[in-house]
Amino acid sequence: MAEAGAEDFDVIVLGGGGAGMSAAIHAADAGKRVALLEAGDRLGGSTALAGGVFYAAGTRAQRELGIKDSADAMYLDILGLNGDTVFKPALRRLCDEAAGAMEWLTSLGVEFPATRLSSPNGRSVPRSHEPVGFGMRIAECLDTALSQRPVDVVRRARAEKILLSETGNVRGVLVDGEPITCRAVVIATGGFGGDPAWVERMLPKARRPGSWVWHVGNKDNRGDGLRLAEECGAQIQGVDSGLLLATPNFHHDLEVLGPDWALVVNLNGERFTREDGAYWEIAEALEAQLDSRAFVIFDRTMFEGAKPHPRVLEALAAGVITVSWVPRMFEEQLAKGRIIEAASIEELSRVTGLPAKSLADTIARYNDAAHAGQDRQFGKGAASLKPIETPPFYAVEVRPAILTVTGGGVRVDAATRVCSASGQAIPGLFAAGETVGSLYGRHYAGTGYAIASSITFGRVAGQEAAAVCGR
Ligand SMILES: Cc1cc2nc3c(=O)[nH]c(=O)nc-3n(C[C@H](O)[C@H](O)[C@H](O)COP(=O)(O)OP(=O)(O)OC[C@H]3O[C@@H](n4cnc5c(N)ncnc54)[C@H](O)[C@@H]3O)c2cc1C
């Protein structure tokens, strides 16, 4: 290792989103000389665009509501969902440290009120903590904390290459063709959704929704971290892991919640999920259908009575999103031919190409369930179970096409050290956040894991990178 102080910096952090800012703050607090390079002209990345929901167990908000929860319970829940696809040491660390990371954000000014705590799929105790001011507030508070430390923050600085010594140790970063030397690098460049070539390589499942696919995250997130790490010998893993949300493709605004009051059928005219389920569960179920395509079916009563989901009202009031599932939008899309109208179910099947008998049987069974107030097939809640019987009838195609979070990425160990395929750590190289992909396994485990992982492991990466720089 080079003599301390000979390099430009001790630690260089690449990327100024949630993970990168958390890492830079912790490395600076450990007394290291730190630079943070950000490709864009502002800090925040996808973190600033996010809902900011933070998944954690054993938190202050949970205690306030008298909810008994623990890191162990969170760990077992995720293991139950994702089994062998989980990298257990990292998951264990995430479960153990997420509540502390959230408390740290609170100390920086982010509020996570108990009133905004939820369990979006109702399967576990409430662990999804939504902050006041969403992800933007998290980014602002981190930015402020960063500005209070002696960290060199350089915007419009896209890291091009990580420089290694002959012995394979990190020795710097190339930016604009110029080397900047350091003793450790933290890669926190986010996911790869902004780069079609990486999407093609890492998310083959995104081919099925075809031209409908669009990336909702930060446009500068182009998989740079994966490329930079791979060039240093890191393993890239997690093909086909990532969240593609269902959409009727009416507009390019992130709309997480679909029409829980309607019926959804696949190309065989069959139901395959509870329509009032968690958005990621519906998206994953849709991915598994023929051609990853489905139709939302509803009748005139639903057409006229559709209201935005209560959970989107706040975002709507803030003008943050455009909603699809409301009468005004239906009229617009009907005129464009994006919504199919038919006088009978038979005609609806003809126009959509859905098998007539199967569709009629599915609707009859669904209507029986609605009248009985009980969905024995998928357990949809009675409040959203309405019969489809007033003509005209409508169908809208949906596909899993909004690329929100990418789940594949750079292999790391539980200390955020970047590793080769043989598990060998690359000396001085660390990575955290979406650039390492999903540490919780194949299936998205609920709202808030990505932010929890970025902040929790961003902190770990900053501390670990500082530690290898010596005194
Ligand atoms: C609309 C939306 C809503 C979401 N809501 C939630 C939610 O509620 N809860 C949740 O858990 N997750 C959510 N997510 C996912 C979550 O926001 C991200 O996974 C997480 O914020 C990623 O943090 P990060 O620090 O790894 O990356 P980012 O915050 O994206 O930061 C990466 C930064 O690296 C920069 N960069 C890229 N390449 C380079 C380079 N070569 N050199 C220097 N800088 C570079 C980028 O410009 C960017 O600023 C949401 C995502 C989106 C898009």
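Me: Let's kick off with Arg156: buried or exposed?
Reply: Arg156 comes out at 59% relative accessibility. Buried means under 20% relative accessible area, exposed over 50% and partly exposed in between, using a 1.4 Å probe and protein chains only. At 59%, Arg156 therefore counts as exposed.

Me: And what kind of model is this?
Reply: Residues are numbered from 1 along each chain as its sequence is written, and side-chain values use heavy atoms, leaving out hydrogens and water. Local features need pLDDT of at least 70, side-chain atom pairs count only at pLDDT 80 or more, and totals for chains, interfaces and linings use all residues, the model being predicted.

Me: Back to the backbone: what is phi of Arg156?
Reply: Arg156 sits in the loop between strand E6 (151-154) and strand E7 (159-164). Helices (H or I, at least four residues) and strands (E, at least two) are DSSP runs numbered from the N terminus. Most residues other than glycine have a negative phi. Arg156 goes positive, with phi near 50 degrees.

Me: Asn249 has a positive phi too; is Asn249 buried or exposed?
Reply: Phi of Asn249 is near 65 degrees, and the residue lies in the loop between strand E13 (242-247) and strand E14 (263-266). Its relative accessible area is 15%, so Asn249 is buried.

Me: Which loop holds Pro392?
Reply: The peptide bond from Pro391 to Pro392 is cis, with omega near -5 degrees, while most peptide bonds are trans. Pro392 itself is in the loop between helix H14 (356-372) and strand E17 (393-406).

Me: How are H5 and H15 arranged relative to each other?
Reply: Helix H5 (residues 88-107) and helix H15 (residues 449-468) pack at about 90 degrees, with axes 8 Å apart. Axes are lines fitted to C-alpha atoms, for helices over the stretch in contact (heavy atoms within 4.5 Å), and angles run from 0 to 180 degrees between N-to-C directions. Under 35 degrees is roughly parallel, over 145 roughly antiparallel, 65 to 115 roughly perpendicular and the rest oblique. H5 and H15 are therefore roughly perpendicular.

Me: Which residues does Ser349 touch, ignoring those up to four places away in sequence?
Reply: Ser349 lies in helix H13 (residues 345-352), and at 5% relative accessibility Ser349 counts as buried. With that sequence filter, the residues touched are Leu354, Pro355, Ala356 and Leu359.

Me: Last one: what is the radius of gyration of the chain?
Reply: The chain has 15 helices and 20 strands. The globule rule, 2.2 Å times the number of residues to the power 0.38, gives 23 Å for 471 residues. The chain is as compact as a globular protein of that length, because its radius of gyration, taken over C-alpha atoms, is 24 Å.
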